[in-house]
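This report describes strand pairing, buried residues and side-chain pairs. Please read the text alongside the sequence and the coordinates.

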Amino acid sequence: MKLCFDGNSIKLSPRPSLKTTNGSTRLKSVYAMTLLILIGSVAVFWGIKDVNAQTTQNDSTFKIIVQIINNGNLDEHGTIHVAMDGSRAPQILNNIIFPGLQTSSHTFEISSSEAPVGKGFTAEVIYGDDEHKRAYGTNTPANSPETVSITIP
């Protein structure tokens, strides 16, 4: 809005035409919608790319199946640790129940880059009043999961 002075009084000039305002508003909204579509397309593309990357990663994992055989009549509570030889970061499952007179299985996945063929690993179960049992294994060239069995009383 422009103020006009004619000497004695202040007059307001008529409002500018809405045609230019609507045109610039339309232009701004079209620009904003185009920008949102572009950002959404990029986000979807990256999401699909990540999904594809995850499927290829699953093919390059080494699986260790730890079977805990509880020969006791009572359920035991415990933890399982699995570590590759020389690794400082074991995989851990806490607060697991090992049912009495049953066998329970738990699968651990390790990157194939950390577990080349021929590399050893250790599986350990800690249960009861700080009882420990360990089992050792090696990644064999069969490209299949390795199974380790640990018996607890």
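Which residues does Ile150 touch, not counting residues up to four places away in sequence? Ile150 touches Val66, Gln67, Ile68, Ile69, Ala123, Glu124, Val125, Lys133 and Ala135, where contact means heavy atoms within 4.5 Å.

The model is predicted: local features need pLDDT of at least 70, side-chain atom pairs count only at pLDDT 80 or more, and totals for chains, interfaces and linings use all residues. Residues are numbered from 1 along each chain as its sequence is written, and side-chain values use heavy atoms, with hydrogens and water left out.

## Core and strand β9

Ile150 is also one of the residues that, with Val66 and Ile80, touch the most other members of the largest nonpolar core, which has 20 residues. A nonpolar core is here a set of buried Ala, Val, Leu, Ile, Met, Phe, Trp, Tyr and Cys residues joined through side-chain atoms within 4.5 Å. Buried means under 20% relative accessible area, exposed means over 50%, and partly exposed lies in between (1.4 Å probe, protein chains only). At least two residues of this core come from each of β3 (61-70), β4, β5, β6 (102-111), β7 (120-127) and β9 (146-152). Strands are DSSP runs (E, at least two residues), numbered from the N terminus. In soluble globular proteins, nonpolar side chains tend to be buried together.

Strand β9 shows an alternating arrangement of side chains. Glu146, Val148, Ile150 and Ile152 point to one face and are buried, whereas Thr147, Ser149 and Thr151 point to the other face and are not buried. In a regular strand the side chains alternate between the two faces of the sheet. The pairing of β9 with β3 is parallel and runs over seven bridges; two strands count as paired if DSSP finds at least two bridges between them. Within this pairing, Ile69 has Thr151 in β9 as its bridge partner.

## The four-stranded sheet

Four strands form an open sheet in the order β5-β4-β7-β8, with antiparallel pairing. β5 (91-98) and β8 (131-138) are the edge strands, and each pairs on one side only. On average, neighbouring strands of this sheet are turned by 20 degrees against each other, direction ignored; the axes are lines fitted to C-alpha atoms, and angles run from 0 to 180 degrees between N-to-C directions. Between β4 (residues 76-84) and β5 there are six bridges in the antiparallel sense, and Val82 has Gln91 in β5 as its bridge partner.

Two residues of strand β7 can be followed in more detail. Ala123 is in strand β7 and counts as buried, at 0% relative accessibility. The C-alpha atoms of Ala123 and His81 are separated by 5.7 Å, although the two residues are 42 residues apart along the chain. Leaving aside neighbours within four places in sequence, the contacts of Ala123 are Val66, His81, Val82, Lys133, Arg134, Ala135, Val148 and Ile150.

Thr122 is also in strand β7 and counts as buried at 18% relative accessibility. From Thr122 to Met84 the C-alpha distance is 6.4 Å, with their positions 38 residues apart in sequence. Residues up to four places away in sequence aside, Thr122 touches His81, Val82, Ala83, Asp85, Arg134, Ala135 and Tyr136.

## Side-chain pairs

The whole structure holds two salt bridges, each defined as a side-chain nitrogen of Lys or Arg within 4 Å of a carboxyl oxygen of Asp or Glu.

| Salt bridge | N to O distance |
|---|---|
| Glu109 and Lys63 | 3.9 Å |
| Glu124 and Arg134 | 3.0 Å |

Glu109 in strand β6 and Lys63 in strand β3 are 46 residues apart, and the pair links distant parts of the chain. Both side chains are partly exposed: Glu109 has a relative accessible area of 38% and Lys63 has one of 34%.

The other salt bridge joins Glu124 and Arg134. Glu124 lies in strand β7 and Arg134 in strand β8, so the pair ties together parts that are 10 residues apart in sequence. Glu124 is buried, with a relative accessible area of 11%, while Arg134 is exposed at 52%.

There is one aromatic pair. Phe62 and Phe121 meet edge-to-face, 5.9 Å centre to centre and with 65 degrees between the planes. Rings of Phe, Tyr and Trp (its six-membered ring) pair if their centres lie within 6.5 Å; planes under 30 degrees apart count as stacked, over 60 as edge-to-face and the rest as tilted. Because Phe62 lies in strand β3 and Phe121 in strand β7, this pair ties together parts 59 residues apart in sequence. Phe62 is buried at 5% relative accessibility, and Phe121 is buried with a relative accessible area of 1%.
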